[in-house]
Amino acid sequence: MSLQLDAESAAILSPGIDLRISRILGRYFVYGCLVVLAAIFLAPLISMLFTSLKSMDEIRSGNILSFPKALTFEAWQHVWGSACIGVTCGGLKGYFGNSFLIVVPATLISVGFGALNGFVFANWRFRGDHILFGLILFGCFIPLQIVLIPMAGLLGVLHLAGTIPGLVLVHVVYGICFTTMFFRNYFVTIPAEIFKAARIDGAGFWAVFVRILLPISWPIVMVSIIWQFTGVWNDFLFGVSFAAGSSQPVTVALNNLVNTSTGTKAYNEDMAAAMIAALPTIIIYVAAGRYFLRGLMAGAVKG
Amino acid sequence: MRLSFKMMAFTAALSASVSGHALADESVEVLHWWTSGGEAAAVGVLKDDLQKKGVTWQDMPVAGGGGEAAMTTLKARVAAGNPPTAAQLLGMAVNEWSEQGLLGDLTEVAQAEGWDKVIPDQIKQFAVHDGKWQAVPVNIHRPNWLWINAKIFKDNGLEPPKTWDEFNAVADKLKAKGITPLAHGGQPWQDDTIFDDVVLGLGGPEFYKKAIIELDETALGSDTMIKVFDQMRKIRGYVDPNFSGRDWNLATGMVLKGDAAMQLMGDWAKGEIVKAGLKPGVDILCVTAPGTEGSFLFNTDFLAMFPVGADKLDAQTKLASSVMSPAFQEAFNLVKGSIPARSDVSGDKFDACAQKSMADLKAAEKAGTLMGSLAHGHAEPASIQRAIFDVVTQHFNSDMSSKDAVTALISSINAAK
Amino acid sequence: MKMANLAINHINKSFGNLTVLKDIDIAIEDGEFLVLVGPSGCGKSTLLSIIAGLDDHTSGSITIDGKSVQGLEPKERDIAMVFQSYALYPAMTVEQNIGFSLEMSKMPKPERLERVGKVADLLQIRHLLKRRPGQLSGGQRQRVAMGRALVREPKIFLFDEPLSNLDAKLRVEMRTEIKKLHQRLGATIVYVTHDQIEAMTMATRIAVMKDGILQQFGTPEDIYDRPANVFVATFMGSPPMNLLPAVIVDGSQGLSIQGADAMLPVPFSAVTRAPQGKKVLLGIRPEWLSLASTSTYQPTLDLYVEVVEPTGPDIFVALRLGEREIMGRLPTGSRTRVGEKARFAVDLSKAVLFDAETGIAI
Amino acid sequence: MSLSKRLGKIMPAIVLSPSLAVVTLCVYGFMAYTALLSFTDSKMFARFDFVGWRQYGRLFESPRWIIAIENMAIFGTLYIVCATCLGLFIAILIDQRIRFEGVFRAVFLYPMALSFVVTGVIWQWLLNPGLGLEHMMRELGWTSFTFQWLIEPNRAIYTIVIAGVWQVTGFVMALFLAGLRGVDTEILRAARIDGAPIHKVYTRIIIPALRPAFLTVFVIEAHLAIKSYDLVVALTKGGPGVSTELPSTFMYSMTFTRNELAVGAASATVMLVTLASIIIPYLYSELRHEPTT
């Protein structure tokens, strides 16, 4: 932004040679820093990927960042389809499906509620509205460990213990706080006159929400979906506490798998398993990162 | 509240029994952390056994931290009124769960099958509460073993150490030759496994009983205890620099590969030895930990039974009965590396180490030196056990003096009481 | 089109201790063009919102066509509103924007499209119907916003500073256009602005407001020629009315201008109401000054010319009388030169006297 | 009033009430429950025999808790400072109209996408002296290279900082970038024409203009730091010894491993109060300036 401005303002000033050189040096500096930092940030992922594609012999003898000499997908195949987790030897694939069964409804429901709550908080003034919003916001910050036991009791009362719907419920409850914050902060940036105009046009609550608001909310919808999807997908604590054996999410299976290795640790398998478990969220971030930033700019973060 | 948890469990049981009245649910869900190779294979034995009896096995493995994660899961499940059919618990944990009134009752089948006669008293005291059988012992582990890479000892002309002094001498020699004397993983329970061995080895069984089981303050504050910590400090010098956070099976792997000469570890290490294609007692020697000959620290995995609905009672009984059958006890423990909890199982099929273990158990039982292991939850409730771990681990990982460690030990125990 | 009269009866509004509107009482006839004008924060937009039903009031009532609209939702009041920011729905096409209110009232689609088309033709925006607001210029958006109001064929149109986001040229064009629409439709309009020229040019009635209080309500001529108080006098008109502090002398016959050695007769209209010795402000609009011919019968002042600003049709002159500055507005071609002293005739028949203490016209 | 109209009036309340109900119960109800437990002598499960402030006394007498608090101070400070500085720096770099902006952004953001189990697997492996960085450097010929922070009790906490900063920096960068893109370009242009050098433009104009972003970043980092549990468990499990214990791991182990439910609840209450003292002023200042339309 500012360098582009340079070009214009420098033209107004005096485009001396010194300035041009320093600009070129500046460009090198910028790219240099970025490339070095990017390499550092990527190293763990690359090392993980390469390791997962090596044989154990090569891992022991080689460099963590060297490209595999003999590419092998054995580790990937093994952890996906046939690795033993407890007494069942079906790999991660079943748990992968469980995670989707949990993540998709949990994300959609919490985003839906968040959008509605955000709409209400942004557009209805009532006594104590700020306090109520503050209360919901503070829910974002609760350390989740403390809710495990009381939550388990609640799920028991609801007859949802050990079920996927139960797990979805838990994720929705603690996700709503975040999605409400995102949407509300986005909606307050929409000019109030639009809502007034809608009222005069005779649009009710749902018409305003569905026809006017939702179509312009996609940046924040994306932010919320990314946030919730990764949060729920990566959850371990709730998964391990509230899921019965066959409905455990992939993170729990990954933990079991990684801690299951016998004798010599099969690092290639650990890494392959970790890659598989991380793939959906990485894909989401990479594919939708642009929207994430756009959504943040559009008001997820007040700035 | 205690009452209300009981209520919850029973309400769940009741509702299950109402709904499943007509059709018995022939399945068991078992929460366990037997996920490591040898262990998982051993559980497989039980699963197959039950399947033959028409009972399906719902696996609920939660790995990590010697069952710590599994305990969280169990608490959540029980708080939800949705306990598993059975859960793997260590001795003191069975006590604690029983005290909460949260365990079921197996007395009927126990009497029918005469379990009383075949289980050693010291183990029975964890399984039976108020005259009710509430858990079934799966095995007996002995944590006070020293595993030795036979080739390294032979190449260097060393003899297995019988006392801690001998151990130090051996270790010094190995170290001088650039061989890591002791394979170890820096996790609190592993640190404490060594600590148990040192307390027992330097102080003898009476001291162990006084200090560890009775928490006698004079014993805890005695010079012997200072010597114990001195020895711990020496041992710290015998492990490789990379030990921190290492899992036990990786440490065992070091001994198997010859990267280290010895490991102080329970007999579950045998599972790893066998899996690696080596022979316990031949390639890897098993001797009792220095100075602990004649005593037997034990560690038993129990399957604690939770109250289930009438529809699942049959399957639960079958599970318990299966676990207690001599055939299973033999098969399971052959794979797992431990010895059967039943005293009437023949040792013929077991390896030399296990046979020694079985003999030592009988002798220790008679001599009154069969004692619960602290490291493995058979000596103190979790809060005190962990309070001791804190000090042992803290001392092991710092330059704390032995005197300070003793003081810290006493205050830590008192704080947890 | 069905038009309606509007009565605003003793409206009060307050937030806690803060009074936003105080006893506003205005009534207009069918087809009138009422402009609410005043500086920002005067309460004019709040009043508009109350008429629309978007805002509550503390006491008083609004009647449209003689019927109270108390408790009615905006959509039930048969009004339409054009907003300052246009408030177009970003995700809808122009067609959908204009037709939205009809859609909400469940009008069948063919009929709806026909009405939208008619309005689009009226506003000459038919070619824009499929576009979205983001693809329109400011002026086009303004038209769409108007279209959205027109399509409802309401009893009353409410405009909330609709032209303030347009550039000067477009603003003048749209001003004329709105006025044309008003004449063509005969619609009743309530129009909020802070721009006194808009108020003067468009209104049939003007309500000048300040600090939540109605200062004056009347026709543009009333407001301009006979301001009720000093505020109205200075707010309306550009350059504003000159106010000269003066004292009544000579048995209510003469005005002694303070800070200058000058005398004027008391305007005829105020003679009976201004006692001897009273302190007053003499209000003179710039155009009531003219270069005095030798034969003038009007009273004159000798003024020093400080600045001359030709604007095209007029010349604004900044004049000095002792310590006082006076703005004058002369026809183009008047011969004045900076730095000269000239004699100016004052049209006292129109001049207004204000009480110096209260600011109220005498 | 007609039914539908009345319904329309209370629709916001209808829409809001389920969320408010669950938040009241599952956030505040459970917090209150936790606070209540901290005054009991609960061990394995809740038991309502009240013992006053005794558990808090035990808590602050526990050397582990003191270590946890000290670590929190070290970790929290370093984590917030490093992540903020690095995040801002990267955001400024990316804001220079660079090519492949999307690629760079994705690279810095992806660690956010990983779960702690995965993060733990990677970093344990990278920081393990026998396998990771040290091993690699030695293989490459730098035989004296040592990097053993993971296993040194006094340094292990810094490995948590490294992994934590690695994970959160991308998010911080995104927040700052969003803020940078919102800075009024007119001001910048004016400043440049006034002859201000580029670094002055940043230090005097842009960074002050990012104040709201800083606040958001700080609050997000602070709450992540206090809640940080996953990273420690995945990387060091609190070790070596107890050298990387944090309040959250302390609370967890008290509650679930040691059957000291009440002490765990007391530590959780202390954490909550600390969090509240950071968050509430922030929320207050954020919401106070909201327009009341």
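This report describes the overall build of chain B and the contacts that chain A makes with chains B and D in a predicted model.

## Chain B as a whole

The secondary structure of chain B consists of 18 helices and 13 strands, and its C-alpha atoms occupy a box of roughly 70 × 45 × 40 Å when the principal axes are used as the frame. A compact globule of 417 residues would have a radius of gyration near 22 Å, and the value for chain B, 21 Å, agrees with that expectation.

Of the 417 residues in chain B, 61% are buried. When contacts in chain B are restricted to residues at least 6 apart in sequence, 80% of them join residues at least 24 apart.

## Where chain B touches chain A

On this interface, 36 residues of chain B are in contact with 27 residues of chain A. The elements of chain B that supply two or more residues to this side are α1 (2–19), α2 (37–52), β2 (56–61), α3 (68–79), α12 (248–257) and α13 (269–275), and the largest share, 7 residues, comes from α3(B). Sorted by class, the side of chain B that touches chain A holds 15 nonpolar, 14 polar and 7 charged residues.

## Where chain D touches chain A

The contact between chain D and chain A takes 81 residues from chain D and 81 residues from chain A. On the side of chain D that touches chain A, the largest share, 15 residues, is contributed by helix α1 (residues 3–37) of chain D, while the residues of that side divide by class into 55 nonpolar, 16 polar and 10 charged.

Key
Residues are numbered from 1 along each chain as its sequence is written. Chains are lettered from A and ligands numbered from 1 in the order in which they are written. This is a predicted model: local features need pLDDT of at least 70, side-chain atom pairs count only at pLDDT 80 or more; totals for chains, interfaces and linings use all residues. Two residues are in contact if their C-beta atoms, placed from the backbone, lie within 7 Å. Helices (H or I, at least four residues) and strands (E, at least two) are DSSP runs, numbered from the N terminus. Ala, Val, Leu, Ile, Met, Phe, Trp, Tyr, Cys and Pro count as nonpolar, Asp, Glu, Lys and Arg as charged, and the others, Gly among them, as polar. The radius of gyration is taken over C-alpha atoms; the globule rule is 2.2 Å times the number of residues to the power 0.38. A residue is buried if 20 or more other C-beta atoms lie within 10 Å of its own, exposed if 12 or fewer, and partly exposed in between; C-beta atoms are placed from the backbone.
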